Structures are given as structure tokens and as C-alpha cells.
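Please open the model in your viewer and keep the sequence panel visible beside it, since each stop on this tour begins with something to select.

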Amino acid sequence: MKSGIHPEYHEIKIVMTDGTEFTTRSCYGEPGATLRLDVDPKSHPAWTGVQRILDTGGQVAKFNKRFAGIGARNAKK
């Protein structure tokens, strides 16, 4: 390897969403830094198979309220 062109590779601590921890090597942060995950294989629906129910009714109502007048303006012209 060429010297001086590669980032520092050091050990960091990873904290999963359930609180479990492990140590790995990474270029993230400073040596001994802690990386807390928001989503990991234990909590992500792609790996767990459990889907969240989204508030689609509320999202649709918000969209309709926001863009309700667009069709009305074009129809008057």
C-alpha cells in the first residue's frame, strides 16, 4: 500500500438497537468511538418480516388538503 493516502483504520464499538454491543474495525470517527445504530438486522422489516402499518389515510388527507386547489384553478381557464 502507498503510505499517506489511506484513512486510519481503527477499532470502534457498535451498539445495536436492542443494546447489544460488539467491536469492529472501521474508518468511522476516532479510535474507540461508539456508533449507535437506528436500524439494524434485528429491527429492520427487510430482515424481520414484520411490517409497520403506515398512516396512509392521514397521508392521503394531507396530500388532498395541500393540493386541493390545483385542479380548480386549471378548470376555470
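Select Ala-33 to begin, bearing in mind that this is a predicted model. Is Ala-33 buried or exposed? Ala-33 counts as buried because its relative accessibility is 19%, and buried means under 20% relative accessible area. In the chain, Ala-33 is found in the loop between strand 2 and strand 3. If you leave out residues up to four places away in sequence, Ala-33 touches Glu-11, Ile-12, Lys-13 and Tyr-28.

Next, add Ile-12 to the selection. Ala-33 and Ile-12 are 21 residues apart in sequence, yet their C-alpha atoms are 5.1 Å apart in space. Thr-34 can be compared with Ile-12 in the same way, for these two are 22 residues apart in sequence and 5.9 Å apart from C-alpha to C-alpha. Ile-12 lies in strand 1, and with a relative accessible area of 2% it is buried. Which residues is Ile-12 in contact with, leaving aside its neighbours within four places in sequence? They are Phe-22, Thr-23, Thr-24, Ser-26, Tyr-28, Glu-30, Ala-33 and Leu-35.

Now colour strand 1, residues 10-15, and strand 2, residues 21-26, which run antiparallel and are joined by six bridges. Three pairs can be picked out one after another: His-10 stands opposite Ser-26 in strand 2, Glu-11 stands opposite Arg-25 in strand 2, and Ile-12 has Thr-24 as its bridge partner in strand 2. Follow the chain from one strand into the other, and you will pass through the turn of a hairpin, with five residues between strand 1 and strand 2. In that turn, select Gly-19, which has a positive phi of about 100°.

Stay with these two strands and show the side chains of Lys-13 and Glu-21. Side chains of opposite charge can pair when their charged atoms come close. Here Lys-13 forms a salt bridge with Glu-21, and the closest N and O atoms are 3.8 Å apart, a distance that fits the rule because the nitrogen of Lys must be within 4 Å of a carboxyl oxygen of Glu. By this rule, the count comes to one salt bridge. Lys-13 is partly exposed, with a relative accessible area of 31%.

From there, select strand 3, residues 34-36, which pairs with strand 1 in the parallel sense over three bridges. To see one place where they meet, select Ile-14, which stands opposite Leu-35 in strand 3. With the three strands displayed together, you can trace an open sheet in the order 2-1-3, with mixed pairing. Which strands stand at the edges of this sheet? Strand 2 and strand 3 do, each with a single partner strand, so one side of each is left without a neighbour in the sheet. If you turn the view slowly, look for the twist, which averages 35° from one strand to the next.

The following stop is helix 2, residues 56-66, where Phe-63 is found. Phe-63 is exposed, with a relative accessible area of 52%, and you can contrast this with Ile-12, which is buried at 2%. Add Phe-67 and Ile-70 to the selection and switch on the surface, because Phe-63 counts as exposed at 52% and these three residues make a nonpolar surface patch of about 290 Å².

Finally, clear the selection and look at the whole chain, which has three helices and three strands. Read from the N terminus on, its elements run β-β-β-α-α-α. Buried residues make up 10% of the 77 residues in the chain, and Ala-33, where the tour began, counts as buried. How much area does the chain expose? It exposes about 6900 Å², of which carbon and sulfur atoms supply 55%. As a last view, consider the contacts between residues at least 6 apart in sequence, of which 8% join residues at least 24 apart.

How values were computed: Residues are numbered from 1 along each chain as its sequence is written. This is a predicted model: local features need pLDDT of at least 70, side-chain atom pairs count only at pLDDT 80 or more; totals for chains, interfaces and linings use all residues. Side-chain values use heavy atoms; hydrogens and water are left out. Two strands pair if DSSP finds at least two bridges between them. Helices (H or I, at least four residues) and strands (E, at least two) are DSSP runs, numbered from the N terminus. Patches are made of residues with over 30% relative accessible area and no salt bridge: like charges are joined within 9 Å, nonpolar side chains (Val, Leu, Ile, Met, Phe, Trp, Tyr) within 5 Å. Accessible areas come from the Shrake-Rupley method with a 1.4 Å probe; for residues, only the protein chains shown count as cover. Buried means under 20% relative accessible area, exposed over 50%, partly exposed in between (1.4 Å probe, protein chains only). Contact means heavy atoms within 4.5 Å. Axes are lines fitted to C-alpha atoms, for helices over the stretch in contact, and angles run from 0 to 180 degrees between N-to-C directions.
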